[in-house]
Amino acid sequence: MPELAAPLIEWYRKNARELPWRAPGFGAWGTLVSEFMLQQTPVNRVIPHLDAWLTRWPAPTDLAAAAPADAVRQWANLGYPRRALWLHRAAVEIRDRHAGVVPRGVDDLLALTGIGDYTARAVAVFAYGDRHPVVDTNTRRVIARAVGGRSQPGPPTRSDLADMAGLLPAGREDAAMFNAATMELGAVVCTARAPRCDSCPITHICAWRTAGYPDTGDDRRRQARYEGSDRQARGAVLKTLRDADAAGIRTDELLADWSDPHQRDRAITSLADDGLIELVNGSARLPH
DNA sequence: TACGCGTGGGG
DNA sequence: TCCCCAAGCGT
């Protein structure tokens, strides 16, 4: 296998976007919050919310002292609001189990609510500089193409971690840079649709290019339709409650005009099950 | 392993 | 107009 890391790192040094979490001394808490927000939400939408969040809660203990409702409100329209709840829980766990300091070990990070394989290693690598494989949708796509010669990656697998580990340079600094560079390439050059192969720094190594850019199929999981879905109903309920005062809204007045009453009821029940809302005295409100 | 989970911008 | 896509996680 030709050397992948060197040209990627060189390209990254010259072309990396200036992003808030890449500023020197950004801090582990900022990194952790940014990674929560970046789970399925695009960079450009995250940036202003990240700034506001860290201004309000500069340390894990600050967020831990707040009510979950405040976290859900501050999350605003970033999407997947369970992440706000999970981030709040993680802050409480960091306060209680790690003396208010974001842990450095991958196992400790994995034990926190809302942190999985990606986020745990992203924090360990980007905040603490340790040597681990970071696997996300970008690195999986870049490796599927450059190494696997395929047009798209398959569904995520446990072996993705070992595949990335096998490509990692020996040194900690280089390894961290390689992780970041592979993600960056996937984000801005080796994109899911219409990749910009003309400006790619590893075309000379790319197995997909060598094979003539074949369409090898695409067995990635498709996202369910949103229009008319329960998710849409949940989103509408939560938006209403974010915009309401702390006392909430009577459940019989909540989304009273929703076209499917059963779906409305399902949304309210499932949100309560998830802890995103509380049902008290016939009213629904964000969790105190 | 496969599914449910928000929201908005771009092709 | 839709459909695709976005630094995933928990179950």
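Q: Which atom of DNA strand B is 2.8 Å from an N or O atom in the side chain of Arg221?
A: In general, a polar contact is a pair of N or O atoms within 3.5 Å; within protein, one must be able to donate a hydrogen and the other to accept it, and residues adjacent in sequence count only if both atoms are side-chain atoms. Here the partner of the Arg221 side chain is a base oxygen of DNA strand B, at 2.8 Å. Keep in mind that this is a predicted model, where local features need pLDDT of at least 70, side-chain atom pairs count only at pLDDT 80 or more, and totals for chains, interfaces and linings use all residues. Side-chain values use heavy atoms, leaving out hydrogens and water.

Q: What do the polar side-chain atoms of Asn77 and Gln223 lie beside on DNA strand B?
A: For Asn77, a phosphate oxygen of DNA strand B is 2.9 Å away. For Gln223, the partner is a base oxygen of DNA strand B, at 3.2 Å.

Q: Which elements give two or more residues to the surface near DNA strand B?
A: Two ideas help. A residue is near a strand if one of its heavy atoms lies within 4 Å of it, and helices (H or I, at least four residues) and strands (E, at least two) are DSSP runs, numbered from the N terminus. In this model the elements are helix H6 (82-98) and helix H13 (230-243). H13 gives the largest share, four residues.

Q: Which residues come nearest to DNA strand B, and what share of its atoms within 4 Å of the protein belong to sugar or phosphate?
A: Pro81, Arg82, Arg221, Arg231 and Arg234 come nearest, out of the 17 residues around DNA strand B. Sugar or phosphate accounts for 48% of those DNA atoms, and bases for the rest.

Q: How many disulfides does the structure hold?
A: A disulfide is a pair of cysteine sulfur atoms within 2.5 Å. The structure holds zero. Cys197 is in none, as the nearest cysteine sulfur, that of Cys200, is 6.4 Å away. Cys200 is in none either, with the sulfur of Cys190 the nearest at 6.3 Å.

Q: Is Cys200 buried or exposed?
A: Buried means under 20% relative accessible area, exposed over 50%, and partly exposed in between (1.4 Å probe, protein chains only). At 18%, Cys200 counts as buried, while Cys197 is partly exposed at 25%.

Q: Where does the side chain of Glu278 reach His288?
A: The Glu278 side chain reaches the backbone nitrogen of His288 at 3.3 Å. Their C-alpha atoms, ten residues apart along the chain, are separated by 8.0 Å. Glu278 lies in strand S2 (residues 278-280).

Terms used
Residues numbered from 1 in each chain as written. Chains lettered and ligands numbered in written order.
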